[in-house]
Amino acid sequence: MKRIVLSIGAAALLALVGTFTFDALRGPDQTAAVAAKGYKTCKSKLPTGKTKTWRCGADQACCVNASMNLYVCGYPGLGCL
């Protein structure tokens, strides 16, 4: 029984250490690459005739919900939910 508990504890510890090591190796280069992609300008015509303009990341969708007056950026890879 002790052997099973120790094995599970060791596996959990290795998984935790592996996760931190992977994040440390991946590091700020990933965030710098995402920041380097830049932004895009989103535009939508309001019911009043004016144009609403906002900025989203290059990998985000431009989401419009005119009935709730929401003009936001979507989630990368998921679009507008």
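This passage describes the fold, the surface and selected residues of one protein chain. The model is predicted. The mean pLDDT of the chain is 75, and 72% of its residues reach 70 or more. Confidence drops in one stretch. Over residues 22-34, pLDDT stays under 50. For these residues the model has 0 contacts beyond four places in sequence.

The chain contains 1 helix and 4 strands. Along the sequence, these elements follow the pattern α-β-β-β-β. The helix, α1, covers residues 2-37. The stretch with pLDDT under 50, residues 22-34, falls within the span of α1 (2-37).

The strands pair in two hairpins. The hairpin of β1 and β2 comes from residues 39-45 and residues 51-57. These strands pair in the antiparallel sense, over 7 bridges. Threonine 41 stands opposite arginine 55 in β2. Between the two strands lie 5 residues. In this hairpin, glycine 49 takes a positive phi near 100°.

The hairpin of β3 and β4 uses residues 62-65 and 70-73. Its strands also run antiparallel, and 4 bridges join them. Asparagine 65 stands opposite leucine 70 in β4. Here 4 residues lie between the strands.

Asparagine 69 is found in the loop between β3 and β4. Its phi is positive, at about 60°, although the residue is not a glycine. Most residues other than glycine have a negative phi. Is asparagine 69 buried or exposed? Asparagine 69 has a relative accessibility of 56%. The cut-off for exposed is over 50%, so asparagine 69 counts as exposed. The distance from asparagine 69 to leucine 46 was also computed. The two residues are 23 apart in sequence, and their C-alpha atoms are 9.1 Å apart in space.

Serine 44 lies in strand β1. Its relative accessible area is 14%. Buried means under 20%, so serine 44 is buried. Which residues does serine 44 touch, leaving aside those up to four places away in sequence? The contacts are Lys50, Thr51, Lys52, Trp54, Val64 and Tyr71. Among them, Thr51 and Trp54 fall in the span of β2 (residues 51-57). Val64 falls in the span of β3 (62-65), and Tyr71 in that of β4 (70-73). Serine 44 of β1 thus has contacts in each of the other three strands.

Burial and contacts were also computed for the whole chain. Of its 81 residues, 10% count as buried. Serine 44 is one of the buried residues. Among contacts between residues at least 6 apart in sequence, 3% join residues at least 24 apart. The accessible surface comes to about 6,700 Å². Carbon and sulfur atoms account for 64% of this surface.

One nonpolar patch lies on that surface. Its area is about 480 Å². Which residues make the nonpolar patch? Met1, Ile4, Val5 and Ile8 do. Methionine 1 is found in the segment before α1. Its relative accessible area is 78%. This value is over 50%, so methionine 1 counts as exposed. Ile4, Val5 and Ile8 fall within the span of α1 (2-37).

Conventions
Residues numbered from 1 in each chain as written. Predicted model: local features only at pLDDT ≥ 70, side-chain atom pairs only at ≥ 80, totals over all residues. Heavy atoms only, no water. Buried < 20%, exposed > 50% of the residue type's maximum accessible area, 1.4 Å probe, protein only. Contact = heavy atoms within 4.5 Å. Areas by Shrake-Rupley, 256 points an atom, 1.4 Å probe, with all protein chains shown as cover. Pairing = 2+ DSSP bridges. Patch = residues over 30% accessible without salt bridge, like charges linked within 9 Å, V, L, I, M, F, W, Y side chains within 5 Å. Salt bridge = Lys/Arg side-chain N within 4 Å of Asp/Glu carboxyl O. pLDDT = per-residue confidence, 0-100.
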